[in-house]
Amino acid sequence: MCGIAGYSLSPASKLDRTLAAQALLAAIAERGADAVGYAYRTPEAPIAVCKQRSGASAILDRVEIPADATDVLVHVRDYTKGHPRIAANNHPVRHGPVVGIHNGIIFNDDELLEDHDCARTEPGMTVDSEAIFALAAHSDADPAALERLRGSMASAWLDEREPGVVFLARGVGRPLWLGHGRGATFFASTERALQIAGRCLGLRLRRRELPEATLVVLENGAKAGEFGFEPDRRFEERPLPAVRAPQEGAHCLDRLATLAAIPLAG
């Protein structure tokens, strides 16, 4: 059970980009401690990725997002397929021009990736999530392409060919929440993560859970489109508890309270 989060901002937004990423990371830290990572995009540079094999507490103070970044992805990992000792297996995961994060497990990833010569480009890479980003990359994020996936999914990705755009997809079996504010849209695995981020930033977010079988396109802080698809439900999965690293969550929230200079208890 991993944790995903991130945001899409208007270029004119005055929000503290780094604090926003730290708040989301601290709020999802309890969902996994095998690896942690984040990605961001600025108007004049390629997508930047930072990740390491550790819990969120080891990186929280070192998160740094440029003031002109508009798109951010955040991930904590509790791995299922693709051992975290191989850096390429940890999130954010790249496939060609697409960089993404995923909570869930895809069972037919090897079959889907056989179609693409650019798959598994790093030695030892076996993470199942790459199949999502391969389908997104080679179909130009066609919602129907996601119907080929068999497994559970809540996911988000950036495409280097689509500046200012964040794609969100919820298949089945994993939660995904949206929080809309002025010039900003946040997303996270839990509603509580959005509440924490809003409190840290002094931002009122209108929160809603994204329905299953939905692809949302965010652009410059606002929703640009929402589309349905028919996920393949022919799979069985052993349920896992949502809280996988409670000590990471507690430590990160304590530290976030100091970084944000506000109490976060309660």
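1. Let us start at Ala213, which sits in the loop between strand S11 (206–209) and strand S12 (214–219). This is a predicted model, and in it Ala213 has a positive phi of about 65° although it is not a glycine. Is Ala213 buried or exposed? With a relative accessible area of 13%, Ala213 is buried, because the limit for that word is under 20%.

2. Ala141 is worth a visit next. Its phi is positive too, at about 60°, and Ala141 is not a glycine. You will find Ala141 in the loop between helix H3 (130–139) and strand S7 (151–159). Its relative accessibility is 12%, so Ala141 counts as buried. Just after H3 there is also Asp140, which takes a positive phi of about 55°.

3. Now for helix H3 itself. How many of the ten residues of H3 are buried? Eight of them are, and H3 is mostly covered. The buried residues are Glu130, Ala131, Ile132, Phe133, Ala134, Leu135, Ala136 and Ala137. Their cover includes strand S5, strand S6 (98–106), helix H2 (109–113) and strand S7. Phe133 deserves a second look, since Phe133, Trp157 and Phe167 form one aromatic cluster.

4. Staying with aromatic rings, a search of the whole structure finds five aromatic pairs. One of them joins Tyr38 and Tyr40, with 6.5 Å from centre to centre and 20° between the planes. That pair is stacked, because stacking asks for planes under 30 degrees apart. Tyr38 is buried, and Tyr40 is buried as well.

5. If you like backbone details, go to His91 and Pro92. A cis peptide bond joins these two residues, and omega there is about 0°. Pro92 belongs to the loop between strand S4 (71–77) and strand S5 (93–95).

6. Two helices to view together are H1 (residues 17–28) and H5 (residues 246–260). Their axes come within 8 Å and cross at roughly 155°. How is H1 oriented relative to H5? The helices are roughly antiparallel, because the angle is over 145 degrees. The crossing of H1 and H5 is left-handed.

7. Which residues make the contact of H1 with H5? On the H1 side they are Leu19, Gln22, Ala23, Ala26 and Ala27. On the H5 side they are Gly249, Cys252, Leu253, Leu256, Leu259 and Ala260. Sorted by character, the residues of this contact are nine nonpolar and two polar, with no charged residue.

8. Helix H4 (residues 191–201) has a buried set of its own: Ala193, Leu194, Ile196, Ala197, Gly198, Cys200 and Leu201. What covers these buried residues of H4? The cover includes H1, strand S9 (177–181), strand S10 (184–188), S11 and H5. So both H1 and H5 turn up again here, as does S11, the strand before the loop of Ala213. After H4 comes Gly202, whose phi is positive, near 65°.

9. Gly32 shows how parts of the chain that are separated in sequence meet in space. Gly32 is in the loop between H1 and strand S2 (35–41). At 0% relative accessibility, Gly32 counts as buried. Gly32 and Arg77 are 45 residues apart in sequence, yet their C-alpha atoms are 4.7 Å apart in space. Leaving aside neighbours within four places in sequence, Gly32 is in contact with Met1, Val76, Arg77, Asp78, Arg244 and Ala245.

10. The last stop is Val165, in strand S8 (residues 165–170). Val165 counts as buried, at 5% relative accessibility. Which residues does Val165 touch, not counting residues up to four places away in sequence? They are Arg41, Asp71, Leu158, Val217, Leu218 and Glu219. Val165 and Arg94 are 71 residues apart in sequence, and the distance between their C-alpha atoms is 16 Å.

Technical notes: Residues are numbered from 1 along each chain as its sequence is written. This is a predicted model: local features need pLDDT of at least 70, side-chain atom pairs count only at pLDDT 80 or more; totals for chains, interfaces and linings use all residues. Side-chain values use heavy atoms; hydrogens and water are left out. Rings of Phe, Tyr and Trp (its six-membered ring) pair if their centres lie within 6.5 Å; planes under 30 degrees apart count as stacked, over 60 as edge-to-face and the rest as tilted. Buried means under 20% relative accessible area, exposed over 50%, partly exposed in between (1.4 Å probe, protein chains only). Helices (H or I, at least four residues) and strands (E, at least two) are DSSP runs, numbered from the N terminus. Axes are lines fitted to C-alpha atoms, for helices over the stretch in contact, and angles run from 0 to 180 degrees between N-to-C directions. Angles under 35 degrees count as roughly parallel, over 145 as roughly antiparallel, 65 to 115 as roughly perpendicular and the rest as oblique. A crossing is left-handed if the near helix is turned anticlockwise from the far one by less than a right angle, and right-handed if clockwise. Contact means heavy atoms within 4.5 Å. Ala, Val, Leu, Ile, Met, Phe, Trp, Tyr, Cys and Pro count as nonpolar, Asp, Glu, Lys and Arg as charged, and the others, Gly among them, as polar.
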